Amino acid sequence: MLDLADLTITFDGAPAVRGVDLRVADGDVLAVLGPSGCGKSTLLRAVAGLEPIAEGSVSWDGEDLAATPTHRRGFALMFQDGQLFDHLSVARNVGYAQRLRGLGRRAVRAEVEDLLELVGLAGHADRLPRTLSGGERQRVALARSLAARPRLLLLDEPLSALDTELRSRLAADLRRILTEAGTTAFLVTHDQGEAYAVADRVALMRAGRIVQEGPVAEVWADPVDSEAAAFLGDSRSFVGEAAARILAAAGLPPDPGASVVVRPASGGTLDHTP
Amino acid sequence: MRARVLTTITGLTAATLLASGCSLLSSEDDGSDGVGGAADTKVTLVTHESFAIPDELVAEFEKDTGFELTISKLADAGTLTNQLVLTRSKPVGDVVFGVDNTFATRAVDEDVLEAYAPELPSGAEEFELPGDDEDALTPIDTGSVCVNVDTAWFRKQGIPEPQDLGDLTDPAYKDLFVVPAASTSSPGLAFLTATISRYGDDWTGYWEDLVANGAKVVKGWTEAYFEDFTFSGGDRPIVVSYDSSPAFTLNKAGTRSTTRALLDGCFEQVEYAGVLAGEDTNVEGAHAVIDWLLSPEVQAALPPSMYVFPVADGVELPADWAKFTERPAETENLAPARIAEERQGWIEEWNEIISR
Amino acid sequence: MTVGGRTGARLGLLALAAVPVAVVGVFFVLPVGAMLHRGLWPDGDFDPGAVLDVLARPRTGRVLWFTVWTSTVATVIAVTLGLPAAYVLHRLRFPGRALVRAALLVPFVLPTVVVGLAVRELIAPSGILGSLDLDGTPVAILIGLVFFNVAVVIRTVGVAWESLDRRPGEAAAALGASPWQVFRTVTFPALRPAVVSAASVVFLFCATAFGVVLVLGGVRYSSVETEIYLLTAELLDLPAAAALSLVQMAAVVLLLVVVGRLRAVADPTVRREVAAPVRPRWRDLPAIAVTVATLVAVALPVLALVVGSLRRDGSWTLEHYRALEGTADGLFQISVSDALLASLRIAVDATWMALLLGLIVSFVVTRRTHSRAGRRSRAVLDGFFMLPLGVSAVTLGFGFLIALDEPPLDLRSSPLLVPIAQALVALPLVVRTLVPVLAGVDDRQRQAAASLGAGPLRTLATVDLAVVWRPLLAAGGFAFAVSLGEFGATSFIVRPAEPTLPVVIYRLLGHPGALNYGTALAASVVLAVVTATVILVVERLRVPGTGAW
């Protein structure tokens, strides 16, 4: 279990993250949702051990990680743009962490194939990252992160660089993959759709602080203040998993083929078309 | 893929180079070269670049004395002394040869040398450094820096040869004189000293006249003699060189020299040897080297090897030397102590005049 | 629990930085400091008056002025010739392009003594330009400086030019801009950082030139560098030498700061897009003409050198090359060809030292940092390793002799001293080649590797080494060439029994005899061929868009 206690991070004295308390239970997916510049990426990087902590602590299962360097935390980080190693093939990218663990060539190959299958890229093993599309690259990045068997998967706006259509498809895939693998994940995003589609719980972040935290449906249904409501209520359309969960939150019957449009003016009124 | 192959080859080459002992790291070092606490069988002679003694004589020295001689040619004569001063008490050798009388006082005053008074061969006493009461330096060879003229050229042009220093400022000899710089060459400094001795405080006026009369100043004796002097194919028939130089400019038949040294305004240079002061100096070896330099064999080898006269009299000179060189009866000399004291000021003033 | 996490990483970086700092400290700061100390505290007492006196001498003023004006004029000429050549060699496609590029680089890696000799052969009364009577004039020095430095402009600007996006220029053309207007309004502004950078480096090289001015300047003309040599080696006027050294260092630091400002870009992270070279068009003719002229101008002195090495008494001969097997009548303790072998061995050591130090320095100065203090200390560190560029080789050479004479640092007779000194000279070049490449790596690549469980070393191997190995090899080639040609510092510390080839060449020049002169020319040709070969290989290894300095 990840536990952030009173976490504060400063840049040259100016606080970017202020007194954040958060928990992610094993198997849970938590999304930190907030506008750009709110400090959520810094928060994520601090969890990964990439930012120095001014105050507070990051701990896992009760053990303070202050002295544990990034590569010993067992938290795999997936970047917005993937950050694949361009000079390595897809298979070698995905198998990177396994080779670090000293697995044999055959074992690595088998696991890489399984993972590529899982992310829907079977047969792409020998391609070079630059020859892939944006969506394919993100899938490879995801497979590479999962291959590390992380105790916590950190996702930095994993789908933001993709177009809407691809994003919603991949969001569903991501949710499925995380659930199937039982992975604990910590996701930061500015995109409500991404958060709703992937996460179990959501935390709203504003100007370095967490203003509200709870299950997706609860937060959506009951914003803590008007600013949160405005942010959450941004006119959006949701499809698939996200739509289903919003419907559930609104107490409406689930409808697999539904797309949901939220209108801010009507403050919580739903339109859904089967 | 050619580039790839090439890079692979380069990588392999680099690895091989390192592994196969091309690196100095893998070569065994013979250690100290006689410097700093070496075994007492090694002795290092520090000298200038012009030092040359036949290998047979070196072998003989090693056989006779049991010392292994390393000859370390460091720099030109001036730099040599300065380097000794800079590395005082931690010298890079045991014994030095090549400090001349324009630099000698500095070496003595800066305490870079240790006393040694060998038995001098007859004739050598007159070359001992005046004021060297501590026997720091031993004279080894001598030679005079004199103006040389290309007699063949003057005969061909039908112009009378210049006869003394004063003639060099005569418009008849405009653009005919080349001189090595006093700041960078020891014959150049010797010639400057000679003019100062001759003209006293008026020397600056003399040099202004020289420059006005088209004297060319070059970096070193080599440039002056081998590039600008008419004998070597240049276009200036008057050059500052040595009194021994005419022995090397014989006509085809070998019957006479095509150049001669003006015996007016010469400066007598003496080169000294001395034991370098330092904790780890091989004193015994240093003494052996100085004795060796004074031996009749080495003294006799000096003229053909280094174009200088031995300090010992009674040493037979090469035939051409005896026939074609003439040594000045009188030279323009200044006390070495005064040269040491005023040299820098002179050179600065001189620099001003020639770079105006 | 061991020290880990952030503190550990910081300690590790600090320890890493300590290695090159210690090396530069011992082999650069200490010797130079010792020389300055002797100059400024002549009799154990601080005597700033002597320094001020020196600066007030009329000759000092003349020397400074001469250095400034020759460097400025040479820089202007080098940039004027170098810009069109950079365009032709990096934007146009024609057969033999790589060869021409390598050929134009050769003068830069030639030993300065050889450059001086080559130019002298050209302008000597018997040379091709003999009738112009340039020998011993400032023009000769300018020719030498330009010959030596035009390669720097071509390379630095060329590299920037080849990775310049073509489209803004095309957009301007579509809006009606003439080719000249496109150059003036779009291309040149984009190239300006590279041009400024090249010009300042050239100025620096010109202002600190030693061998070229020494061989070509005669005694009338003295630059700051040769004046320091004169004051130190010939006159032992250490206060004056120290004064000039301080002036030189201050000027160099100032220049480096200015260049650093001009060169700084907001985001060093780059993906290099190399524009494909195009076939020459008619309007490229002027640029091609200038390039050909530059090529001829660079080739002429080299040609004069080759011809001189093959002629004796008016006929063709290989005698001078055969003489390389000998010791020039006992002038050296080893044969000239053995000196070449010694040079090569020294160069191998100097190369790995320069690469190791350069890699560490580049690695440390390109680490991302958030605090302002961290950024500043890295900038200072970066500049610190550029210092060897701006200090007289004479000061360094003599400094070695007086500073490294006490155990455990009695290294004066160590065979490693020469390669260490040469590595220091090559270090700035290596750092300048590697820093842009490493700075161009997205730090998140390293973070991605770390988050997947790769330790610092593994991360280095996966991310940094993957991009840096080719530039590293290229830098190695340059370090090798620089070491082969280094003359200034080497001439003071080389072991007499094991002279390097440039030292042998210089000594041969100082000894009478046509054979010695011819042998010096032949040895120069051999040295030029060896370095040119190295450079040709380096050129093959170069990653397009990188490798400027």
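This is a short talk on how parts of chains A, B and C fit together in a predicted model.

Okay, let's start with chain B. The domain assignment splits chain B in two: domain 1 takes in 42–142 plus 269–324, and domain 2 takes in 144–268 plus 328–354. If you look at their C-alpha centres, domain 1 and domain 2 of chain B sit 26 Å apart. So how many residues of domain 1 are in contact with domain 2 in chain B? Domain 1 puts in 22 residues, and they are in contact with 20 residues of domain 2.

Staying on the domain 1 side of that contact, the elements of chain B giving two or more residues are α3 (77–86), α4 (104–109), β10 (267–276) and α11 (319–324). Which of them gives the largest share? That's α4(B), with four residues. As for chemistry, the side of domain 1 that touches domain 2 in chain B has ten nonpolar, seven polar and five charged residues.

Now let's go to a strand in chain B, β6, residues 177–180. Is it covered on one face or on both? Both faces are covered: B:F177 and B:V179 are buried on one side, and B:V178 and B:P180 are buried on the other. β6(B) also has two strands to pair with, so to speak, and I'll take them one at a time. With β7 of chain B, residues 216–218, β6(B) runs parallel and is joined by three bridges. In that pairing, B:V179 is opposite B:V217. With β8 of chain B, residues 238–242, the pairing is parallel as well, over two bridges. There, B:F177 has B:I238 as its bridge partner.

Next, a pair of helices in chain B. You'll find α6 at residues 186–199 and α7 at residues 203–212, with their axes 8 Å apart and an angle of about 125 degrees between them. That angle is why we call α6(B) and α7(B) oblique to each other. On the α6(B) side, the contact is made by B:T195, B:I196 and B:Y199, and on the α7(B) side by B:W203, B:Y206 and B:W207. Sorted by class, the residues of this contact come out as five nonpolar, one polar and no charged.

Right, over to chain A. Here we have an open sheet of six strands, in the order β6-β7-β8-β3-β9-β10, with mixed pairing. Which strands are at the edges? Those are β6 and β10 (209–215) of chain A, and each of them pairs on one side only. Going from one strand to the next, the twist averages 15 degrees. The edge strand β6(A) pairs in the parallel sense with β7 of chain A, residues 152–156, over four bridges. One pair to find there is A:F75, which stands opposite A:L152.

And that's where chain C comes in. Helix α18 of chain C, residues 443–451, lies across β6 and β7 of chain A, at about 150 degrees to β6(A). Taking the two chains as a whole, 26 residues of chain A are in contact with 24 residues of chain C. On the chain A side, α2 (70–73), β6 (75–78) and α4 (96–100) each supply at least two residues. By class, that side of chain A has 17 nonpolar, six polar and three charged residues.

That's what I wanted to show you, thanks.

Definitions and conventions:
Residues are numbered from 1 along each chain as its sequence is written. Chains are lettered from A and ligands numbered from 1 in the order in which they are written. This is a predicted model: local features need pLDDT of at least 70, side-chain atom pairs count only at pLDDT 80 or more; totals for chains, interfaces and linings use all residues. Axes are lines fitted to C-alpha atoms, for helices over the stretch in contact, and angles run from 0 to 180 degrees between N-to-C directions. Angles under 35 degrees count as roughly parallel, over 145 as roughly antiparallel, 65 to 115 as roughly perpendicular and the rest as oblique. Two residues are in contact if their C-beta atoms, placed from the backbone, lie within 7 Å. Ala, Val, Leu, Ile, Met, Phe, Trp, Tyr, Cys and Pro count as nonpolar, Asp, Glu, Lys and Arg as charged, and the others, Gly among them, as polar. Domain bounds come from an automatic or database domain assignment. A residue is buried if 20 or more other C-beta atoms lie within 10 Å of its own, exposed if 12 or fewer, and partly exposed in between; C-beta atoms are placed from the backbone. Two strands pair if DSSP finds at least two bridges between them.
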